[in-house]
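Thanks for making the time this morning. I would like to walk you through the charged side-chain pairs in one protein chain, and I will take them pair by pair.

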Amino acid sequence: MQLLFAYLLDLLVGDPRQLPHPVIFIGRLISALEKRLQKPHHSPQIQLVYGTVVVVLVLATTAGAVLFMVWAASLIHPVAGVAVSVVLLSTTLAVRSLSEAAQDVIKPLASGDLPGARYAVSMIVGRDSALMDEHEVARATVETVAENTVDGVTAPLFYALVGGLPLAMAYKAVNTMDSMLGYKNDRYLYFGRAAAKLDDAANWLPARITVVAMLVASRLLSLNTGNAWQAVKADGQKHPSPNSGLAEALTAGALDITLGGENRYGGQVSRRPQLWAAGQKAGVGDIKSAARLMQVTSLVFIMVGLLIRSALNAII
C-alpha cells in the first residue's frame, strides 16, 4: 500500500522544484568521496579498489539514512513513519517528471518554435541541440523517455516491490553513481568501473521485465505491437547499453519510427546504430505517444507487481 500511495503521489506532484531531492544529497556524497579518493597518479588497480569503496559506502549510507529517517519519524507517531516512507518512495519514481519533460518539448515544437524546442530538449539530454531540426529534437526526446522508462520508472518499482524503500533508494544511488562516474575516459575508466558494471547488473532483469510490460501497454494503446517485438529482437542489443536498447528499440517499433543515428556531443559527431531503420522520422506526435506508452507501462508494471506481491504474501 505504501508503494501504491507513493506511485499516486508521484503522479500528482512529481518532484517539486522547491523541495530538495534525495538524489542531490546522494550526488554530493559521491562528489565528496570522489574528491578524496580519486587521484590521477593512482594505478588502475588502486582506482578500481577505491571506486569499489565508493560504491559500497554510498549504498550503505543511502540505505542506512532512509531507514534512520523512517525509524525517527515512527518514534513521533507510526503514521509519521508511514508518511516519510511514502514520500521517500515517491522520489524514486519519475513518471510525472518524464511526462512534464516531454510536454516541455512538445509545446514549442508544436507551435513552430524550434529554438524553444531546442532549449527544452537541451534540459534533458547531454547532446548538442543548437543545430537540431524538428525531427532530431523529437527523436532525442523520444529516446530519453524510452530510456528512462527503465531507469526512472520500472526499475525503482521493481526494487521497491522486492525490498521496499531501502532497496529502491539504493537502486537510485546506483543509477546516480553510474551517471556521475560511469564514463569510459581517462578519469573514470577504472575508478567508475564498479559503478558502471553494477548499474548494468541492477538494470538487467528490470529492463527485460519492462519489455513485457511495454508490449502489453502498446497493445492497450493500439500501437504496433508486432513491430515492437520485431524491433526488440532485431535491434535491442545494438545500443551501447545492454539494457537501454531494449526499451528504445521497442518504442521505435511500436511507433514505427527510427531511433538512433548521428548525435553531436561537444561538437564531436557520435554515430549509433539505428533502431527500427524501416521507420519514419520522429515528429511531435511521437513524443506524445512515447510519453503515453511510458505512463501505461508504469501502470501495468505496478498493478501486476502488486498482485504478484500480494499473492506471494498470502502463500508465505
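What follows is a short tour of some salt bridges and of how accessible their partners are.

Please keep in mind that this is a predicted model, and that the salt bridges in it come to a count of seven.

Let me begin with E143 and R127, which form a salt bridge whose closest N and O atoms lie 2.9 Å apart. This pair links distant parts of the chain, since E143 sits in helix α7, residues 134-181, while R127 belongs to the loop between α6, residues 114-122, and α7, with 16 residues separating the two. As for their surroundings, E143 is buried, and R127 is buried as well.

The next pair is D235 with K238, where the closest N and O atoms of the salt bridge are 2.8 Å apart. Is D235 buried or exposed? Its relative accessibility is 6%, and because the cut-off for buried is under 20%, D235 counts as buried. K238, by contrast, has a relative accessibility of 41%, which lies between the 20% and 50% limits, so K238 counts as partly exposed.

My third pair is E262 and R271, whose side chains meet in a salt bridge at 3.2 Å, taken from N to O. Here E262 is partly exposed, with a relative accessible area of 31%, whereas R271, at 64%, is exposed, because that value is over 50%.

Finally, salt bridges with shared partners join R127, R139 and E143 into one network, which brings us back to the buried pair of E143 and R127.

How values were computed
Residues are numbered from 1 along each chain as its sequence is written. This is a predicted model: local features need pLDDT of at least 70, side-chain atom pairs count only at pLDDT 80 or more; totals for chains, interfaces and linings use all residues. Side-chain values use heavy atoms; hydrogens and water are left out. A salt bridge is a side-chain nitrogen of Lys or Arg within 4 Å of a carboxyl oxygen of Asp or Glu. Helices (H or I, at least four residues) and strands (E, at least two) are DSSP runs, numbered from the N terminus. Buried means under 20% relative accessible area, exposed over 50%, partly exposed in between (1.4 Å probe, protein chains only).
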